[in-house]
Amino acid sequence: MNILIVLIPVSITLGAAGLAACIWTLRHGQYEDLEGDAARILLDDREPDEPQ
Amino acid sequence: MTAACAACVAVPSAQDIARDAAGEVVHLSLPGIHCAACIAGVERTLTSVPGIRAARVNLGRRRVRIVTAPDIGAAPALAALTAAGFEAHQLDDSIATPTGDDTGRTLLARIAVAGFAMMNVMALSVAVWSGASQTTEAMFHWVSAAIALPALAYAAVPFFSSAIGAIRGGRVNMDVPIALAILLASITSLHETIYSAGADTWFDAALSLTFFLLAGRYLDHRARATARSAAAELTALELPRATLIEGTTRRTVDVARILPGDHIALSVGARAPVDGTTLGPAILDRSALTGESAPVAIEAGAPICAGETVLDAPVTLRATARAADSTLRRLAALVEVAETGRHRYSGIADRAARLYAPLVHGLAALAFLGWWWGTGDAHLAIGIATAVLIITCPCALGLAVPAVTASVTGRLFRAGILLKSGTALERLAEVDCILIDKTGTLTEGTPRLPELDATAAGIALTLAQASSHPVSRAIAAALTGHTPVALDDIHETAGQGMTATWNGSPVALGRGPDGTVLTLPDCQIALNMAEHLRPGAADMIESLRSDGYDVHMLTGDRQQAADLLAARLGISHVHAGMQPQDKAALVAELTAQGRRVLMIGDGLNDTAALAAAHVSLAPATALDAARVASDGVVLASDLRAVPQSLRAARRALRRIRQNLAIAAGYNAIAIPIALAGLASPLTAAIAMSLSSVTVVGNAVRR
């Protein structure tokens, strides 16, 4: 059962990494326009709001 | 927002900040966009306009955010979009929230934290339930506590603060039992963890409770935020601006700044922003105020009321009142009084919650007292009371209504119907009688001439322009845009009309047996200013009647004009010549008979009826007073959206009832188990997840 000493922190760290990633997406406004982002996948790769 | 909140502020990239600081940020509403091609089209159009540095479309909110060079404003962007075929309106910056949706982001962060903690604690519970040894179990309890307590402290804040607010105000709301359950579960579980007293820990139940309830709360918030931002957009459709004439210069001012005595330029098709008098003769469309479809001719110096539309030629208005004192505002103020009654309507969710909170408290208290009295073991009694609180907790109840309303209002918004009020969907579902205004709702606001070919239109225009008779002026106004045809020997015979020669043959525009007639060498065309039905009007009436609704038509217009249109549409109940107060009285009379009335109207004369009805809709072209008074707005120009939305509303109410029944069913099974002291955290976890998933699944299925 000693393996638990390693595995539990590992599993929690992995979960926390997922949580951190989720919060990172929140802070970068990736939930502002779900419908639009779904449609944008059909557009060109070039960022449309880049200055040209 | 505090620093403890991980997601309060979406951090714009450094590049964005630098760019925005140098320029001016403008928001435009784009009601017509719906696909990837629209996004690309709008962004390409805007970025090619000189002076615009960046444009980013938000498809979900039907908006575009533009960064322009300083002092450019929205005008070039609006012009470019209109030229490219996109409908665009400038949004008032005080309404458009540039920072986005802080509450929604915070809720999402709380959901993420609760979800993360729930999954980890549940994984640990699996080990405990499948039979871990004493030491391992104790360690797992400690790990669970270490994850669950901080996560709950962050994620469950909305429930605690709402519960504390309610208790301070001397009320009990749905959040009180929720907060109590989370708190009790944490305390008893911590006690168990520390002393290993042989009872169960409830960390995973408390976390999954928080997670599901937060999900319900987020759905609810999203539906409300969409409705709010859409309502704000509607006020922005009519930016309150007017063109002020000062000597020889003209400038655009805020309507609120107009003072009595100011001169204001009104272009063709413009609404008078304030009460005033004209400096020249004009033809007015008064239908918004009176419902009368025929244009009215007025002489120089005659009064114009705010809200009336100029039809023929640009005129100058001398203001006699400020905007706040104008007829329009005074009527709008009356509406506010009529409206307050409807705000007392409580939705099915409120009624369920009112029933639910005392029931749960009573059951939990009963369980505690019963077991304490029966066994004398306070620890066991608290444990069972906690189990009752957790099991009965309204996961499914909290999700049952918001999941349905969010899914249906989203679908309706895409169909072009926007509901402003939270309970409008339920009230729509209860409607059995529909009152529809004629002018501006069933018909398009401005009367139009029948279709003419270019030559006939040109001849009619030349003849009409030569006369100053009101009918001629109205016809000339309606034909603007056609090229006049050169005619010889134009004569006007008072009371009879105009005659002339065209290529040697006589032509005339004059009075015929049923109104104005254009006489050409080879034919006669009746030039009645006919009202044109809105697209889908006939279909709407037909499907409403086949769905079993009682359809009435209301109008301030003459009986004859009303009957003619009603016969065309197959409406049997016609109420013509109605004053605004008559319309409101009819609504009140029907309501007194126990009918649930849906009023659809667009004009000021409808506002009192709109506000008095059980539920009301206004077309997007309606006056803002009418839109404010109604519960929803038909954004689509096609009226077929109305029967669709009624059907969707009835289906939604059925779904809500089903969902509440499912939730009640789960509780009916779980409560006796919990009262008997047989509920384990495992039962709670299964019952809760299962009922929540069923309810959400039932809500989103088509």
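How many residues of chain B are in contact with chain A, and how many of chain A with chain B? In this predicted model, 30 residues of chain B touch 26 residues of chain A. Here's a quick tour of that contact, with a stop at one long-numbered helix of chain B, H23(B), which covers residues 641-675.

**Chain B's side of the contact**
- Helix H2 (36-47), strand E2 (52-58), H4 and helix H5 (134-155) of chain B each give two or more residues to the side that touches chain A.
- H4(B) chips in the largest share, with 8 residues.
- Sorted by class, this side of chain B has 19 nonpolar, 6 polar and 5 charged residues.

**H1(A) against H4(B)**
- Helix H1 of chain A (residues 3-27) and helix H4 of chain B (residues 102-129) have axes that come within 10 Å and cross at roughly 170°.
- That crossing angle is over 145°, so the two helices count as roughly antiparallel to each other.
- From H1(A), the residues involved include Gly15(A), Gly18(A), Leu19(A) and Cys22(A).
- H4(B) meets them with residues including Leu108(B), Ala112(B), Val113(B) and Phe116(B).
- By class, this helix-helix contact has 11 nonpolar, 3 polar and 1 charged residues.

**H23(B)**
- With 35 residues at 1.5 Å a residue, H23(B) should span 51 Å, and its end C-alpha atoms are 49 Å apart, so the two values agree.
- After H23(B) comes Gly677(B), whose phi is positive, near 80°.

Note on methods:
Residues are numbered from 1 along each chain as its sequence is written. Chains are lettered from A and ligands numbered from 1 in the order in which they are written. This is a predicted model: local features need pLDDT of at least 70, side-chain atom pairs count only at pLDDT 80 or more; totals for chains, interfaces and linings use all residues. Axes are lines fitted to C-alpha atoms, for helices over the stretch in contact, and angles run from 0 to 180 degrees between N-to-C directions. Helices (H or I, at least four residues) and strands (E, at least two) are DSSP runs, numbered from the N terminus. Angles under 35 degrees count as roughly parallel, over 145 as roughly antiparallel, 65 to 115 as roughly perpendicular and the rest as oblique. Two residues are in contact if their C-beta atoms, placed from the backbone, lie within 7 Å. Ala, Val, Leu, Ile, Met, Phe, Trp, Tyr, Cys and Pro count as nonpolar, Asp, Glu, Lys and Arg as charged, and the others, Gly among them, as polar. The expected span of a helix is 1.5 Å times one less than its number of residues.
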